Amino acid sequence: MSDKWFGLGEVCLSPAGDWDVVNSKCISLFISKCLGLGIIAGSAIVKVPQIMKIMAKRSTLGLSALMFHLELIGYIIMLAYAYRQKFPFVAYGEYVFLFAQNFFILFLFAYYGKGLTMTYWAQVKLYVGFTGLLVFIIPNETVSLLVLRIIPIVIASRLPQIYSN
């Protein structure tokens, strides 16, 4: 069962059903899977220090909310694309955790800023709606084109933070 989840069974099992650990394809695939899981694990905690700092100071002063909004849009596009392409979780799992952390940081912007106003809840609804559109309604070709726009979105997301500092 675990070989199916980890995706090694077809490459690493010998015809007799034993693990073929000297197979170079098996070793390469195993290393690739481990690196993917390492990236996911790292992304699960990458923004935790920033979140802790915001919570300790009870302020988002010096941070650009626009940067986090633009990053969130990029993560939504990547998640929708990976989901629709049926990629394995190790290929896109980091975006799940980065999305969640960014979403929480935006929550902290609202919480420590003007509070959880109607504007905040409208933004949440827009993100949910945008995600639904990308995952279920917008054609695959359009989502694929949006993926090509991720790099400019990520670069643009950094500009407000650079400008504010």
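When I say contact today, I mean heavy atoms within 4.5 Å. Keep that in mind for Glu 94. Leaving aside its neighbours within four places in sequence, Glu 94 is in contact with Ile 39, Ile 40 and Ser 43. One caution before I go on. This is a predicted model.

Let's stay with Glu 94 for a moment. The residue sits in helix 6. What is the nearest side chain of opposite charge to Glu 94? That is Lys 33, and it is 12 Å away. Glu 94 is buried, and it has no salt bridge.

Now the overall picture. The protein chain has nine helices and zero strands. Read from the N terminus, every element is α: α-α-α-α-α-α-α-α-α. The chain has 165 residues, and 33% of them count as buried. Take the contacts between residues at least 6 apart in sequence. Of these, 72% join residues at least 24 apart. On the outside, the chain exposes about 10,600 Å². Carbon and sulfur atoms supply 70% of that area.

Next, the salt bridges. How many does the structure hold? Two. Start with Glu 71 and Lys 47. Their closest N and O atoms are 2.6 Å apart. This pair links distant parts of the chain, 24 residues apart. Glu 71 is in helix 5, while Lys 47 is in the loop between helix 3 (24–45) and helix 4 (48–57).

The other bridge runs from Arg 158 to Glu 71. Here the closest N and O atoms are 2.3 Å apart. Again, distant parts of the chain are linked: Arg 158 in helix 9 (residues 150–164) and Glu 71 in helix 5, 87 residues apart. Put together, Lys 47, Glu 71 and Arg 158 are linked in a network of salt bridges.

Are these three buried or exposed? Buried means under 20% relative accessible area. Glu 71 has 5%, so it is buried. Lys 47 has 11%, so it counts as buried too. Arg 158 has 36% and therefore counts as partly exposed.

On to Arg 84. You will find this residue in helix 5 (residues 65–84). Arg 84 is buried, yet it has no salt bridge. Where is the nearest side chain of opposite charge? It belongs to Glu 141, 7.4 Å away. The salt-bridge cut-off is within 4 Å. Arg 84 does have a backbone oxygen to look at, though. The oxygen of Val 135 lies 3.4 Å from a polar atom of the Arg 84 side chain. Now set aside residues up to four places away in sequence. Arg 84 then touches Leu 134, Val 135, Ile 138, Pro 139, Asn 140 and Val 143.

Last stop, the surface. Which residues form the nonpolar patch? They are Ile 45, Val 48, Met 52, Met 55 and Phe 104. Together they have about 440 Å² of accessible area. Helix 4 gives the most to this patch, with three residues. Phe 104 comes from helix 6 (residues 89–112). Why can Phe 104 belong to the patch? Patch residues need over 30% relative accessible area. Phe 104 has 32%, so it counts as partly exposed and passes that cut-off.

To close, here are the places to look. Glu 94 and Arg 84 are each buried without a salt bridge. Lys 47, Glu 71 and Arg 158 make up the network of salt bridges. And the nonpolar patch is on the surface.

Conventions: Residues are numbered from 1 along each chain as its sequence is written. This is a predicted model: local features need pLDDT of at least 70, side-chain atom pairs count only at pLDDT 80 or more; totals for chains, interfaces and linings use all residues. Side-chain values use heavy atoms; hydrogens and water are left out. Helices (H or I, at least four residues) and strands (E, at least two) are DSSP runs, numbered from the N terminus. Buried means under 20% relative accessible area, exposed over 50%, partly exposed in between (1.4 Å probe, protein chains only). Accessible areas come from the Shrake-Rupley method with a 1.4 Å probe; for residues, only the protein chains shown count as cover. Lys and Arg count as positive and Asp and Glu as negative; His and the chain ends are not counted. A polar contact is a pair of N or O atoms within 3.5 Å; within protein, one must be able to donate a hydrogen and the other to accept it, and residues adjacent in sequence count only if both atoms are side-chain atoms. Patches are made of residues with over 30% relative accessible area and no salt bridge: like charges are joined within 9 Å, nonpolar side chains (Val, Leu, Ile, Met, Phe, Trp, Tyr) within 5 Å.
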